[in-house]
Amino acid sequence: MKCLSFQEPFATFIATGQKTIECRSRKVKTPIENLVVCASKTARMYDNIPGLLYGYAIGLVDVVDCVPFAHAHRRQAMMSELPDIDSYAWILENPRMIKPFPVHASAGFFYDETEPILVETSESSYREHMLSLAYRGDRDQEEDVIESLFGDPDLPWQIFDL
């Protein structure tokens, strides 16, 4: 299956449906159905975040369109500023969580033969399937992250200073 690695927390926001636009520097031919969303093992934007997975495939999403990135895309891309260079908005639909499995990602698209197993996209399913494999840390931080995924839609902007 076709896979792509995303930095956390954005991989999880895509898999759970909060992030519906991905900003990339290159165009992509669409549609891409069932793109496997992988959480990068190397978090560059943030230190490891309690409650999130690293180095695992965690979801599926469909890339249904690719258009030049515009000011109107920022909120859905979870960006407070426009990118510094010309970029593209990958329009994402049909997010689904899967039972996580480890991946050895590379730059750009890569392929994995593991057949994803869909799980319900819900807080209880996240706790059941994801949390035991997640980076562990401060319990309050973990709960804030879970609340940002399945509760208050403005919380990610506060927690991650987006």
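Select Met78 to open the tour: the residue sits in the loop between strand 4 (56-68) and strand 5. The model on display is predicted. Although Met78 is not a glycine, its phi is positive, at about 60 degrees. With buried meaning under 20% relative accessible area, Met78 counts as buried because its relative accessibility is 5%.

**Strand 5 and its aromatic pair**

Proceed to Asn94, which is found in strand 5. Its phi is near 55 degrees, again a positive value in a residue other than glycine. Is Asn94 buried or partly exposed? At 41% relative accessibility, Asn94 counts as partly exposed.

Keep strand 5 in view and add the side chains of Trp90 and Phe109. The structure holds 2 aromatic pairs. In the pair of Trp90 and Phe109, the ring centres are 6.0 Å apart and the planes lie at 10 degrees, so the pair is stacked. This pair links distant parts of the chain, with Trp90 in strand 5 (residues 88-102) and Phe109 in the loop between strand 5 and strand 6 (110-111), 19 residues apart. Trp90 has a relative accessible area of 0% and is therefore buried.

**Two cis peptide bonds**

Turn next to Pro9, in the loop between strand 1 (2-6) and helix 1 (10-15). The peptide bond that leads into Pro9 from Glu8 is cis, and its omega is near 10 degrees.

Then select Pro31, located in the loop between strand 2 (21-24) and strand 3 (32-39). Here the bond from Thr30 to Pro31 is cis, with omega near 0 degrees.

**Two distances across the chain**

Select Val37, whose place is in strand 3. A relative accessibility of 0% is the reason that Val37 counts as buried. Draw a distance from the C-alpha atom of Val37 to that of Asp62: the separation is 10.0 Å, for residues 25 apart along the chain.

Move on to Pro50, in the loop between strand 3 and strand 4. Pro50 is buried, with a relative accessible area of 7%. What is the C-alpha to C-alpha distance between Pro50 and Val145? The two are 7.6 Å apart in space, while 95 residues apart in sequence.

**Salt bridges**

Side chains of opposite charge can pair when their charged atoms come close. Across the whole structure, a search finds 9 salt bridges. Begin with Glu22 and Arg24, which form a salt bridge whose closest N and O atoms are 2.8 Å apart. The partners fall into separate burial classes: Glu22 is buried, with a relative accessible area of 8%, whereas Arg24 is partly exposed at 21%.

Now centre the view on Arg127. Its side chain meets that of Glu123 in a salt bridge, with an N to O distance of 3.0 Å. Why are Arg127 and Glu123 separated by about one helical turn? The reason is that they are 4 residues apart in helix 2. Glu123 is partly exposed, with a relative accessible area of 32%, and Arg127 is partly exposed as well, with 28%.

Without leaving Arg127, add Glu143. The side chains of Glu143 and Arg127 meet in a salt bridge of 2.7 Å, N to O. This pair links distant parts of the chain, since Glu143 is in helix 3 and Arg127 in helix 2, 16 residues apart. Glu143 is partly exposed, with a relative accessible area of 26%.

To see the wider arrangement, select Glu123, Arg127, Arg136, Arg139, Glu142 and Glu143 together: these residues are linked in a network of salt bridges.

**A negative patch on the surface**

For the final stop, show the surface and colour Asp138, Asp140, Asp144, Glu147 and Asp152. These residues gather in a patch of negative charge. Within the patch, pick out Asp138, found in the loop between helix 2 (123-129) and helix 3 (139-150). Its relative accessibility is 40%, so Asp138 counts as partly exposed. That value is compatible with a place in the patch, because patch residues have over 30% relative accessible area and no salt bridge.

How values were computed:
Residues numbered from 1 in each chain as written. Predicted model: local features only at pLDDT ≥ 70, side-chain atom pairs only at ≥ 80, totals over all residues. Heavy atoms only, no water. Patch = residues over 30% accessible without salt bridge, like charges linked within 9 Å, V, L, I, M, F, W, Y side chains within 5 Å. Areas by Shrake-Rupley, 256 points an atom, 1.4 Å probe, with all protein chains shown as cover. Salt bridge = Lys/Arg side-chain N within 4 Å of Asp/Glu carboxyl O. Lys, Arg positive; Asp, Glu negative; His and termini not counted. Charge placed at Lys NZ, Arg CZ, Asp CG, Glu CD. Buried < 20%, exposed > 50% of the residue type's maximum accessible area, 1.4 Å probe, protein only. Phe/Tyr/Trp six-rings, centres within 6.5 Å; stacked < 30°, edge-to-face > 60°.
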